[in-house]
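Let's take a walk through this model together, starting on the outside and working inwards. Keep the view open as you read.

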Amino acid sequence: FIYEPMVSPKILDYHKGPKVVFVSQNIVGLWGEYVLGEKGFVKMGGSVAISAYDFGVRIGGNPVVLLGQDLAYSGGKSHVSGSIYEKDTFKADNKDLHQMIVDDIYGGKVLTDRKLYTFLQYFERFIESDKSLYPYLKVIDATEGGAQINGTTVMTLKDVYYNFIADKQIDSDSIINDINSRIDRENNYQKLITAKKEIISKLNETLKDAKDGINILKQINIISLVL
């Protein structure tokens, strides 16, 4: 389970398997790195798919395959059938300033909106910069529909499987267990407890200073009224 520290703690309690934490711009994550040391930065761009893509690049994935990233209202729908949004439908409306028409993967046009188009721009920007760093990086769009994402190679999921997955044997459990074996959880836990006590102490000092300041202002106000 890969997560940013701003995630609900209930989710962490629910997931019993291995966990990998990353930092974006969240103040809690930055504080955690200040206490425990750098853990790793993952890009964010409004959609968890952006972070998933960036994580794939950072762990050396090649190719990185995008699924479910149509970034458009393909067939007039915003989400796949079976989701809670499957009944939502959309039609082109010239009066809707948020709607847009963009190129699709088949050489035609498809309806989208400015929010989804923002995700599309994030993908294209990150893919372009990643390919400048990793010239052999291949990003495949196996969504099988939707908006064209520049910098990707369009393939069906079936072709992706037979070209890159079918004959590969990867012991992912051993890789994850090896990473977990290097983590000194007890030491990290004690560092966090100590840091928590220090920040609570500083906050209490700040609270006292604020109350003292308020009392001084009240006295000044009383003197002003008397005068």
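**From the surface patch to the core**

Helix α7 gives four residues to the nonpolar patch, the largest share of it. Bear in mind as we go that this is a predicted model. The patch lies on the surface and is formed by Trp31, Tyr34, Leu192, Ile199, Ile200 and Leu203, which together have about 590 Å² of accessible area. Two or more of its residues come from each of α2 (27–36) and α7 (185–226).

Take Ile200 as an example from this patch. Ile200 sits in helix α7. Is Ile200 buried, partly exposed or exposed? Its relative accessibility is 39%, and because the partly exposed class runs between 20% and 50%, Ile200 counts as partly exposed.

Now let's turn inwards. The largest nonpolar core has 22 residues, and those with the most contacts inside it are Tyr53, Leu71, Phe123 and Ile149. Elements that each supply at least two residues of this core are α3 (48–58), β3 (64–66), β5 (109–113) and α4 (114–133). Among these, α4 provides the largest share, with six residues.

Leu71 is a good place to pause. Which residues does Leu71 touch, leaving aside those up to four places away in sequence? They are Thr112, Leu116, Phe119, Leu120, Phe123, Ala147 and Ile149. Two of these partners, Phe123 and Ile149, are also named with Leu71 among the core residues with the most contacts.

Strand β5, one of the contributors to the core, deserves a closer look. Four of its five residues are buried, so β5 is largely enclosed by the rest of the structure. Its partner is strand β4 (residues 99–103), which runs antiparallel to β5 and is joined to it by five bridges. Within this pair, Val102 stands opposite Val110 of β5. The hairpin of β4 and β5 has five residues between the strands, and there Gly107 takes a positive phi near 90°.

Strand β3, another contributor to the core, leads us to a sheet. This is an open sheet of three strands in the order β3-β6-β7, with parallel pairing. Why is one side of β3 and of β7 (153–154) left without a neighbour in the sheet? Both strands stand at the edges and each has a single partner strand, so one side of each stays unpaired in the sheet. Strand β6 (residues 139–141) runs parallel to β7, and two bridges join them. In one pairing to look for, Ile140 has Thr153 in β7 as its bridge partner.

Conventions:
Residues numbered from 1 in each chain as written. Predicted model: local features only at pLDDT ≥ 70, side-chain atom pairs only at ≥ 80, totals over all residues. Heavy atoms only, no water. Core = buried A, V, L, I, M, F, W, Y, C linked by side-chain atoms within 4.5 Å. Buried < 20%, exposed > 50% of the residue type's maximum accessible area, 1.4 Å probe, protein only. Contact = heavy atoms within 4.5 Å. Pairing = 2+ DSSP bridges. Patch = residues over 30% accessible without salt bridge, like charges linked within 9 Å, V, L, I, M, F, W, Y side chains within 5 Å. Areas by Shrake-Rupley, 256 points an atom, 1.4 Å probe, with all protein chains shown as cover. Salt bridge = Lys/Arg side-chain N within 4 Å of Asp/Glu carboxyl O.
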